[in-house]
Amino acid sequence: MTDPTLPRPEAVIFDIGNVLITWQPEDRYDEMIGRARREAMFATVDLHAMNERFDRGEVFRDVVQETAETYPEFRDEILMWHDRWLDLARPPIDHSVRLLRALRAKGVPVFALTNFGIDSFALSEARDTFLTEFDRRYISGHMGVTKPDPRIYEMVEDDCGIAPERLLFTDDRPDNIDTAARRGWQVHLFEGPKGWADRLVAAGLLTPGEAA
């Protein structure tokens, strides 16, 4: 049933990590080097802060190489962040991909808004080709700013020209959702594709069959 308290969205915006592609690097490192070694490395090196540097536009290889040289005891493992990127950013969340495609099949504009590096995104889209299917893509590495900085949301609004209250955005991080909500966007905290599917049905964008 359509939610009568909200205007019908004119565009739907997907985050990518943990919405369309699983992003759990700790789990992938457990597979590659074992849990004990991974726990020691993550306790010593702020790898998520490293990742945010190229999410803001720094050169992927250079940032990882610099970090690896700073922590020589974990040099080989840190280099995997670059050299085995496709082993870290996986697998796709298939139901979410179906929802993306169902919306586009209905003629609903679908955008991406993601914290993602320039080079790391290029690697991912070459494998996960559904990342090329958005009507517009807002990639933080190209924009020079990451969520939840309000500037990135403002940049989306300015570029697409759609009123904030007619944008429907899903993200797995509450801080990213909160900033969008403060700007007037309709939001959904992604905790799994079934809940997101239900929200798209409630918004009147898909039927239950189309959202399955």
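This passage describes the overall fold of a predicted model and the packing of two of its helices.

Local features in this predicted model require pLDDT of at least 70 and side-chain atom pairs count only at pLDDT 80 or more, whereas totals for chains, interfaces and linings use all residues. Residues are numbered from 1 along each chain as its sequence is written, and side-chain values use heavy atoms, with hydrogens and water left out.

The protein comprises twelve helices and seven strands (DSSP runs of H or I, at least four residues, and of E, at least two, numbered from the N terminus). Its C-alpha trace spans about 55 × 35 × 30 Å along the principal axes. The radius of gyration is 18 Å, which agrees with the value near 17 Å for a compact globule of 212 residues (taken over C-alpha atoms; the globule rule is 2.2 Å times the number of residues to the power 0.38). Of the 212 residues, 49% are buried (under 20% relative accessible area, 1.4 Å probe, protein chains only).

Helix α3 (residues 47-55) and helix α4 (residues 60-70) have axes that come within 9 Å and cross at roughly 155 degrees (lines fitted to C-alpha atoms over the stretch in contact, with angles from 0 to 180 degrees between N-to-C directions). The two helices are therefore roughly antiparallel (angles over 145 degrees). Met 50, Arg 53 and Phe 54 of α3 make the contact with Phe 60, Val 63, Val 64, Glu 66 and Thr 67 of α4 (heavy atoms within 4.5 Å).

Technical notes:
Parallel < 35°, antiparallel > 145°, perpendicular 65-115°, else oblique. Buried < 20%, exposed > 50% of the residue type's maximum accessible area, 1.4 Å probe, protein only.
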